[in-house]
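Me: I'm just starting out with protein structures, and I'd like a close look at a single part of this one. Could you walk me through how two of its helices meet, and what ties that region to its surroundings?

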Amino acid sequence: MTTPARKAALQWFHDRGEVPSLRGSPFGAEMLMRMEREGQVQWRNPGNPIWSLTDKGRRALHGDAT
């Protein structure tokens, strides 16, 4: 089950696509790390991270727990 806070965070990524800055996000660093560990978000470009929602994150946003 996706909590309301997690759903808001996933929606934030969904609405923005690729995100170069997490400023103004509705979540903290701990939630971001959990979403990354669970494969819901990913980043690329180590020198200047760009974050995005994964397919697994999209499924979680829409209520599919798998």
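Reply: Happy to help; what follows is a tour of one helix pair and then of the salt bridges. Keep in mind as we go that this is a predicted model.

Let's begin with the helices. Two packed helices are described by the angle between their axes and the distance between the axes. Here the pair is helix α1, residues 4-16, and helix α2, residues 29-37. Their axes come within 11 Å and cross at roughly 75°. Angles from 65 to 115 degrees count as roughly perpendicular, so α1 is roughly perpendicular to α2.

Which residues make the contact? From α1 come Ala 5, Arg 6, Ala 9, Leu 10 and Phe 13, while α2 brings Met 31, Leu 32, Arg 34 and Met 35. Sorted by class, the contact has seven nonpolar residues, two charged ones and no polar ones.

Now pick out Arg 6, one of the α1 residues in that contact. The side chain of Arg 6 also meets the side chain of Glu 38 in a salt bridge, at 2.8 Å from N to O. Glu 38 sits in the loop between α2 and β1 (41-44), and Arg 6 in helix α1, so this pair ties together parts that are 32 residues apart in sequence. How buried or exposed are the two partners? Arg 6 has a relative accessible area of 10%, so it counts as buried. Glu 38 has 36%, which makes it partly exposed.

This salt bridge has company: the structure holds four of them. Another joins the side chains of Glu 18 and Arg 44, also with an N to O distance of 2.8 Å. Because Glu 18 lies in the loop between α1 and α2 and Arg 44 in strand β1, the pair ties together parts that are 26 residues apart in sequence. Glu 18 is partly exposed, with a relative accessible area of 48%, and Arg 44 is partly exposed as well, at 42%.

For a salt bridge within one helix, turn to Arg 58 and Asp 55, whose side chains meet at 3.1 Å, N to O. Both residues lie in helix α3 (residues 55-61), three residues apart, or about one turn of the helix. Asp 55 is exposed, with a relative accessible area of 52%, whereas Arg 58 counts as partly exposed at 36%.

To retrace the path on your screen, start where α1 crosses α2 at roughly 75°, find Arg 6 in the contact, and follow its side chain to Glu 38.

Terms used. Residues are numbered from 1 along each chain as its sequence is written. This is a predicted model: local features need pLDDT of at least 70, side-chain atom pairs count only at pLDDT 80 or more; totals for chains, interfaces and linings use all residues. Side-chain values use heavy atoms; hydrogens and water are left out. Axes are lines fitted to C-alpha atoms, for helices over the stretch in contact, and angles run from 0 to 180 degrees between N-to-C directions. Helices (H or I, at least four residues) and strands (E, at least two) are DSSP runs, numbered from the N terminus. Angles under 35 degrees count as roughly parallel, over 145 as roughly antiparallel, 65 to 115 as roughly perpendicular and the rest as oblique. Contact means heavy atoms within 4.5 Å. Ala, Val, Leu, Ile, Met, Phe, Trp, Tyr, Cys and Pro count as nonpolar, Asp, Glu, Lys and Arg as charged, and the others, Gly among them, as polar. A salt bridge is a side-chain nitrogen of Lys or Arg within 4 Å of a carboxyl oxygen of Asp or Glu. Buried means under 20% relative accessible area, exposed over 50%, partly exposed in between (1.4 Å probe, protein chains only).
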